[in-house]
Amino acid sequence: MASSRRRTAVMPSFGLAVLMLMMATAAQSKLLVNGTDCTIRDPLNNVTFDFNALSSDLNHHVTSEESGERFFFNVCDEHQSGKENRTEPGAYLVRAGRKITLGYEPHLQLDDGRLQFSFTGEPCGNGSHYTLDIILLCSYERTPADLRVIPHTPDQCRYFIFWDTPLACQPLPTGLTNNRCTVRDGADRHAFNLLPLGGSNHEISLPDGSRFVVSVCKPVRYGHLTMCPPGTGVCLVNGTEYRDYGQAVPDPKVDSSGRLVMELRSKSETVCQNSVIVFECSREDGLETGPVYRGRKDNCTHEFLWRTSLACRDTRPCSVTNPITGTRYDLGLLANRTYTLTSRDNQTYELGVCRIPASSRCPLDAGACEVSAKQSVGLGAISAELQYETTGAPYLLYRSGAVCDAASGRRWETRLEFICETDPVEGGRTGAVVPPIVVENGECQLVVHFETVLVCEPSLMACGAYNESTIDQYVDLTPLVDSARNYEARGGEAHGRRYFLNVCRPLVPQYGLSCRGGAAACEATFDGVTARNETTLGFPDVSLVVAGDTVLMKYLRGDPCPQDPLTNLSTTVAFHCVPKAGRGTPVLLEIEHGCHYRFDWATAVICPPERTIPFESTNCSIHNPATGSWISLDGMLEDLSLCDKRPAATVDYRAGALNLHYTLLDATNCSHTNGVKSFNVTVLCAPDSPLDRTA
């Protein structure tokens, strides 16, 4: 069998009235380790975490968005090592002008993979004390998210702060430290960039209760109940066992069949448990559903399918994808016009972006030239291949111009570099630009800088958050992110208003809708034909908040509020778990004081999976009590004859998928599994309208 690691119980059970589900999880914990000197060792993987770098000469400070309460704390302070030596608490809370002590000395613990500092403070009433738990979360980002406090009530005695830090990660293998996670196809040199997929772990539940945890480009992030071996890209979690099913690789590759794949080989010495992830092009309205388990390809390899738009070949001219962020830059609006500019030494140049009009004075096929009253000299042939390097800005390179140096035969070339305009000109999203500037015109090279908002990065928000009520449950709205179209909310029709939203990202450019570039929510007057008077209702740059079965998404920094010019318009969308809703549609509830727009969104995407869906043999159907729906298997996938297999079924609302599992006896070919052959079948919902998908 595959190599595994086991743990022994060392922690007695306990309970608290607050956050009962988290405490119930902790009560069943089988691994509890105490740290010393701000370091702690995971005995399962023999990895030591050192948090001394988190110490600060000043206190760390975070303010609760919900209550405005301010928290101050420090950890790993080597100058004061105990309460008896402290004149000030190590953590305190300021509430309504009152300073409440949350603790003096932080206690570092490893609890089933959860890394945390715990403070115990002054009495809180009813025999309890104020406590503060600082949960340390693994993040490979160079600039992790800000500290954040989960929502709480004023009379609550226990508080939690989330802290994303690379110090909570296992050491990164050398090749994964600064990898780009890209590959060029030898056929047409198209660059595939999968780095945007590497921002989080992806979990795949299996019928037997085990689960795969998959991460691409970076290893699986260490955390609560995810104590996978170091460097693992595919990890099987089965109870208290964590198995390496493949080490993370720095880049994908194009295999001999032309498929975009990642081949992950396990370091296990006892059995070959490898994985292959196949990435297929998906243009399904920009939706990303994550990896799907396809079963064993052979005795050694488990296959996963990941359908994503990042696996598509996009040959659009004058555009390029940022290999770090996945943002697509399209400079087509700047093309087909002539730009005339003068250098400081009074040389005059004409150039074009990707294309140049026939009216240009440049020689035929030249993308840039030096012009004078008598002649023009070509400085490079026009090209529409926009390029990007991780260390610079998007650029165009025009090569093979006129001979520059007769002795060496060297020819002129032109490099156009496009830089984000931090103070955008009016109309920048429609192609208006700050006049380009010549920054170099010697050594046989002309270098020109363009400033334009068309290459600015949208400030995207994280599209998931940890649940306040179930502290280790991560709620993910990624399936609702739509890069192909916007959502239109109901509720404004009676007043001739239309509301357009997207989730965790800016609005998709839409003909006739001209809210400010990067906005995620927009209001417009609709006269039955055309949208007018567009108003920006906010930008996607605030983290989500999760409490119970509700997810709050806030968009701030909209246009000035007409009722209060000193206040900007803002938007809050409240997502609720409703299994029958499918993806759902936003509904406008109210506009508070004319400045704050509140929307409600019932959706199945944030609902937990249905683990046990009964199979009815009398009519060969699956019945989901949560939605009241019947799914007939008679005639579905006829080649499999599912009716006589009596499959076990689960429903994954996030992916909109029905997962079926059944077994058959096959003593000849499956001796290694005691003569049992297992089958996993995933059926994805495909209704007529993808924006009204029902799981």
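**Pairing, cores and confidence**

User: Which residue in S6 stands opposite Phe71?

Analyst: In this predicted model, Phe71 stands opposite Leu93 in S6.

User: What makes strand S5 and strand S6 a pair?

Analyst: Pairing requires at least two bridges between two strands. Strand S5 (residues 70-73) and strand S6 (residues 91-95) run antiparallel and are joined by four bridges, so the requirement is met.

User: Why are strand S4 and strand S7 called edge strands?

Analyst: The open sheet has four strands in the order S4-S5-S6-S7, paired antiparallel. Strand S4 (60-63) and strand S7 (98-103) each pair on one side only, hence the name. On average, neighbouring strands of this sheet are turned by 20 degrees against each other, direction ignored.

User: How do you know where the largest nonpolar core lies with respect to domain 1 and domain 2?

Analyst: This core has 46 residues, and Phe51, Phe117 and Ile134 have the most contacts inside it. Strand S10 (residues 128-138) gives the largest share, five residues. Domain 1 (32-168) and domain 2 (182-311) both contribute residues, so the core lies between them.

User: What is Phe51 in contact with, leaving aside neighbours within four places in sequence?

Analyst: Contact means heavy atoms within 4.5 Å. The partners of Phe51 include Cys38, Ile40, Leu108, Phe117 and Leu136. Apart from this core lies another, of 31 residues, among them Ala465 and Phe575.

User: Why should residues 1-29 not be read in detail?

Analyst: Over residues 1-29 pLDDT stays under 50, although the model has 65 contacts there beyond four places in sequence. Where pLDDT is low, predicted coordinates should not be read in detail. The chain averages a pLDDT of 79.

How values were computed
Residues numbered from 1 in each chain as written. Predicted model: local features only at pLDDT ≥ 70, side-chain atom pairs only at ≥ 80, totals over all residues. Heavy atoms only, no water. Helix = DSSP H or I, 4+ residues; strand = E, 2+ residues; numbered from the N terminus. Axes fitted to C-alpha atoms, helices over the stretch in contact; angles between N-to-C directions. pLDDT = per-residue confidence, 0-100. Core = buried A, V, L, I, M, F, W, Y, C linked by side-chain atoms within 4.5 Å. Buried < 20%, exposed > 50% of the residue type's maximum accessible area, 1.4 Å probe, protein only. Domains from an automatic or database assignment.
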